[in-house]
Structure formats: structure tokens, C-alpha cells
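Reader: I have a structure open in front of me and would love some help reading it. Could we go through it together, one question at a time?

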Amino acid sequence: LLAGHAGPHLTAALASAMFVTAGVLVLRRHMYLPLFILPLLLYAAAQHPGTYRSGHTGSLVSLTESRYGEISVFRLGDQLNFFESGKFLFSYPDIGTDELRIHLPVSVHPRPESVLLIGSSPGAVAVLAGYPSMQIDYVEMDPALIRISLSHLSPADLRTVTGRGVRIINEDGRRFIKKPAAGYDLIIMNLPDPSTAAGNRMYT
């Protein structure tokens, strides 16, 4: 109910306060009621400037709370690294990785005209859109991630990704792929490692 509307600190504070209240009611011991103030103190401490800590290398560019997780962008030199809830998603620009993930699958089809790309890197979409006469459906579940990643693209890549021939679809890739639809010549899974329950669903 709170995902995407409240930050992680507020959500944790409210949940903790609820559990403390439930514990007092179940145990019927009001002596534990002062524990109610602990989540509020922790929340207040988390709001203090400079409390954000990260193990990621580089300088923090942006921090956004979406309903699917906390999206953080770090700059390291000329490269931006995108993370969601602390898990690495992709880097931009990362031409070597994007070309490897696109050119190899495309090379196995003699003449692909329609491609479904499930993943989170707009840089890969830009590489794929470089092929002539190709219709691309780009599926990414988190609209906030799309909005943030597009805001960091170079003007040329932004025109390519948002141009004709590319359709951006905000939907769960696993659910989308099960819908009755016209066939695709290629389906490319451009996904991070299955290090979360949500990510692992795409590998099973």
C-alpha cells in the first residue's frame, strides 16, 4: 500500500510502530509501550542530512523512490551506473556490453523485422534501433526507471529510443510475454542477474 508513496524509512517506521502496538496488545503489558518511540527516533535520525550511505563507487547523481524499489544513479568518470534497491542494473554509456547483448542474438536470425526486448538498458535499445526497418517493443516494468534513464541519455540516443519504430511498454515482462500477440522474430532478454525474487522470475 505504501510502496512508491512513502520512502523506505517511513515505511519501516510505520511497520515497526504497528508491530510494537500489536505486541503490547497481545502481551497486555503496557510497560512495553515506551518502545513505540524507537521507530520514530530511528525515522527522525534517517531524515538528518548526510545520513545516506552507499557502498557504491562514485558520486550520487539522483535518488528516486519508485513502487518497485529505490533507484539510485552514480557517476564514475564519464559513466553512469544505475542501481535498484542496491542491485546493479546497467551502466550508461556502456557500448561494449550493449553491442554484445544485441548483435549476437540478432546475428542468429537472417532478417529480423520485429523484436521484443525485455530489460532495463535504453543503451541496448539504441543499438538495436540502429538496424534498418526493425520494429522494437521495449518492455520495462518500472516507469520511474524508464523516466530516469531516458533523462540521462545523450540527445542522439534519446531521439533513437523515443523515435519511430520503438514502442516503450511499462509492464511486467513475464506477464506481457504470455499475452496472445503477433509473433516476434526475436525475443531478447536484457536482464540483470537473478539476485532478487522479482528478477529470478524471468529466469524460470
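Reader: Happy to start with charged pairs: how many salt bridges does the structure hold?

Author: Good place to begin, and please keep in mind that this is a predicted model. A pair counts here when a side-chain nitrogen of Lys or Arg is within 4 Å of a carboxyl oxygen of Asp or Glu. By that rule, the number of salt bridges in the structure is 2.

Reader: Which residue forms a salt bridge with arginine 167?

Author: Arginine 167 lies in strand E7 (residues 166–169) and its partner sits in strand E6, so the pair ties together parts that are 30 residues apart in sequence. The closest N and O atoms of the two are 2.8 Å apart. The partner is aspartate 137.

Reader: Is aspartate 137 buried or exposed?

Author: Its salt-bridge partner, arginine 167, is partly exposed, with a relative accessible area of 44%. Buried means under 20% relative accessible area. Aspartate 137 has 6% relative accessibility, so it counts as buried.

Reader: And which residue does arginine 111 pair with in a salt bridge?

Author: Arginine 111 is exposed, since its relative accessible area is 63%. Its partner is partly exposed at 44%, and the closest N and O atoms of this pair are 4.0 Å apart. That partner is glutamate 113.

Reader: Let's turn to a helix. How far apart are the end C-alpha atoms of helix H3?

Author: Helix H3 covers residues 95–107, which makes 13 residues. At 1.5 Å a residue they should span 18 Å. The distance in the model agrees with that: 17 Å.

Reader: Which residues of H3 are buried?

Author: Let's work from the outside in. Gly96, Leu100, Leu104 and Ser107 are exposed, on the other side of H3. The buried ones are Asp98, Ile102 and Val106.

Reader: Why do the buried residues of H3 line one face of the helix?

Author: Picture looking down the axis of H3. The buried residues then fall within a limited arc, so they line one face, and that arc is 35 degrees.

Reader: What covers the buried residues of H3?

Author: The cover comes from elements elsewhere in the chain, and I can name some of them. Two strands are included, E5 (114–119) and E8 (186–190). Also included is a helix, H4 (122–128).

Reader: Just past H4, where is alanine 129, and which residues is it in contact with beyond its neighbours within four places in sequence?

Author: Alanine 129 is in the loop between H4 and strand E6 (135–139). At 26% relative accessibility, it counts as partly exposed. Its C-alpha is 9.4 Å from that of arginine 164, although the two are 35 residues apart in sequence. Leaving those neighbours aside, its contacts are Ile136, Thr160 and Val166.

Reader: On the surface, which residues make the nonpolar patch of about 360 Å²?

Author: One of them, leucine 35, is found in the loop between helix H1 (8–27) and helix H2 (37–46). Leucine 35 is partly exposed, with a relative accessible area of 40%. Together, the residues of the patch are Leu35, Ile37, Leu38 and Leu41.

Reader: Finally, what share of the accessible surface of the protein chain belongs to carbon and sulfur atoms?

Author: The chain has 8 helices and 8 strands, and 34% of its 204 residues count as buried. Its accessible surface comes to about 12400 Å². The share belonging to carbon and sulfur atoms is 60%.

Key: Residues numbered from 1 in each chain as written. Predicted model: local features only at pLDDT ≥ 70, side-chain atom pairs only at ≥ 80, totals over all residues. Heavy atoms only, no water. Expected span 1.5 Å × (residues − 1). Buried < 20%, exposed > 50% of the residue type's maximum accessible area, 1.4 Å probe, protein only. Arc of directions from axis to C-beta. Contact = heavy atoms within 4.5 Å. Patch = residues over 30% accessible without salt bridge, like charges linked within 9 Å, V, L, I, M, F, W, Y side chains within 5 Å. Areas by Shrake-Rupley, 256 points an atom, 1.4 Å probe, with all protein chains shown as cover.
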